[in-house]
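Reader: I am in my first year of study and should be grateful for a close look at a single part of this structure. Please take the sheet as the subject and explain it step by step.

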Amino acid sequence: MSKTEVVVYANPDLLAAAVAARLVTRLVDLQAAKGSASLVLTGGSTGIAVLDQLRRSPARDAVDWSRLDLYWGDERFVPADDDERNEKQAREALLDHVPVDPKRVHAMAASDGEFGDDVDAAAEAYARVLADNAQPEDHGDVPSFDITLLGLGGEGHTASVFPESPAVYETERSVVAVRNCPKPPPTRISLTLPAIRRSQDVWLLTTGEAKADAVALALSGAGEVQLPVAGARGRRRTLWLIDKAAAAKLSNVYKPPTA
């Protein structure tokens, strides 16, 4: 049965360092148990700070980076060298500094890539990537990701699934094109909530007072149409890793420990 846990850190710097350490431990355990692991990356300041901390960690090399499959939860549909691109940020923070297997780094297409500016074709192509990497035991066209890292916005979006947007209503497709995002850049590619829920673990990372309402609402049972992050759940565990500011309105919902 899936469980939800909340861990609160004193500040964003401690959170990033602690999540990086937690990630190393979990990836090492997964690789010891089954030989490889899969991780879905997120962009945003907190997600990239975690990758930066992981690069700096003395324990970094405990992970066998060649036996790690990497995916993205969403991507800004911009040129490959655009600083807004999640993949570029992840490569600069971590991936260019560890011996990943290029064949196991599954990036979403850029707007100047093989599909040009056809974001629908790019989304469909990523859905095929997921289907090609799903195993028979996954019972579907999406891998059972070991860990999916996600952030959230103050209005409750996660990945690039925004409140009351077409993407939040999607139940059939694993990946969708997203247009007219309320925050720039407006065109994106995103996993859908059903695809995210194929993950064994979902780790939700966020900091700051501006996220406190969304965190409290999600943990008090809000609906996913109005608050998509409420629909981001792991099959085994949903782990909220937040700082004190983001936890400020949780007193009537949880009394989580402060790390």
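In which sense do β2 and β3 pair, and over how many bridges?

Author: The model is a predicted one. In it, β2 and β3 pair in the parallel sense, and five bridges join them. One of these pairings can be followed at the level of residues: valine 40 has tyrosine 71 in β3 as its bridge partner. In general, the strands of a sheet pair through backbone hydrogen bonds, and they may do so in a parallel or an antiparallel manner.

The pair belongs to a wider arrangement. Six strands make up an open sheet with parallel pairing, and their order is β1-β9-β8-β5-β2-β3. The edges are occupied by β1 and β3 (68–72); each has a single partner strand, so one side of each lacks a neighbour in the sheet. From one strand to the next, the twist averages 15°.

An edge position does not leave β3 uncovered. Five of the five residues of β3 are buried, so the strand is largely enclosed by the rest of the structure. The term buried refers here to a relative accessible area under 20%. Both faces of β3 are covered: Leu68, Leu70 and Trp72 are buried on one side, and Asp69 and Tyr71 are buried on the other.

At the opposite edge of the sheet stands β1. Strand β1 comprises residues 3–9 and includes valine 8. With a relative accessible area of 4%, valine 8 is buried, because that value is under 20%. The chain also returns to this place: the C-alpha atom of valine 8 is separated by 6.0 Å from that of lysine 244, although the two residues are 236 residues apart along the chain.

In the order of the sheet, β9 follows β1, and β8 follows β9. Strand β8 (residues 201–206) pairs with strand β9 (residues 237–243) in the parallel sense, over six bridges. Here leucine 204 has tryptophan 240 in β9 as its bridge partner. Helix α6 (residues 212–219) packs on the sheet, where it touches β1, β8 and β9, and its direction makes about 155° with that of β9. Helix α1 (residues 12–34) lies across β1, β2 (37–41), β3, β5 (147–150), β8 and β9, and runs at about 155° to β9.

Two further helices may be compared with each other. The axes of helix α2 (residues 44–56) and helix α3 (residues 86–93) come within 8 Å and cross at roughly 25°. Angles under 35 degrees count as roughly parallel, and α2 and α3 are therefore roughly parallel to each other. Their crossing is right-handed. The residues that meet there are Gly44, Ile48, Leu51, Asp52 and Arg55 in α2, and Asn86, Gln89, Ala90, Glu92 and Ala93 in α3.

The loop between β5 and β6 (175–178) contains serine 174. Serine 174 is buried, with a relative accessible area of 7%. Apart from its neighbours within four places in sequence, serine 174 is in contact with residues including Ala127, Val142 and Thr192. Alanine 159 is also found in the loop between β5 and β6. Although alanine 159 is not a glycine, its phi is positive, at about 50°. At 10% relative accessibility, alanine 159 counts as buried.

To return to the starting point, β2 and β3 form a parallel pair, and β3 stands at an edge of the sheet with both of its faces covered.

Technical notes:
Residues numbered from 1 in each chain as written. Predicted model: local features only at pLDDT ≥ 70, side-chain atom pairs only at ≥ 80, totals over all residues. Heavy atoms only, no water. Helix = DSSP H or I, 4+ residues; strand = E, 2+ residues; numbered from the N terminus. Buried < 20%, exposed > 50% of the residue type's maximum accessible area, 1.4 Å probe, protein only. Pairing = 2+ DSSP bridges. Axes fitted to C-alpha atoms, helices over the stretch in contact; angles between N-to-C directions. Contact = heavy atoms within 4.5 Å. Parallel < 35°, antiparallel > 145°, perpendicular 65-115°, else oblique. Left-handed = near helix turned anticlockwise from the far one by under 90°.
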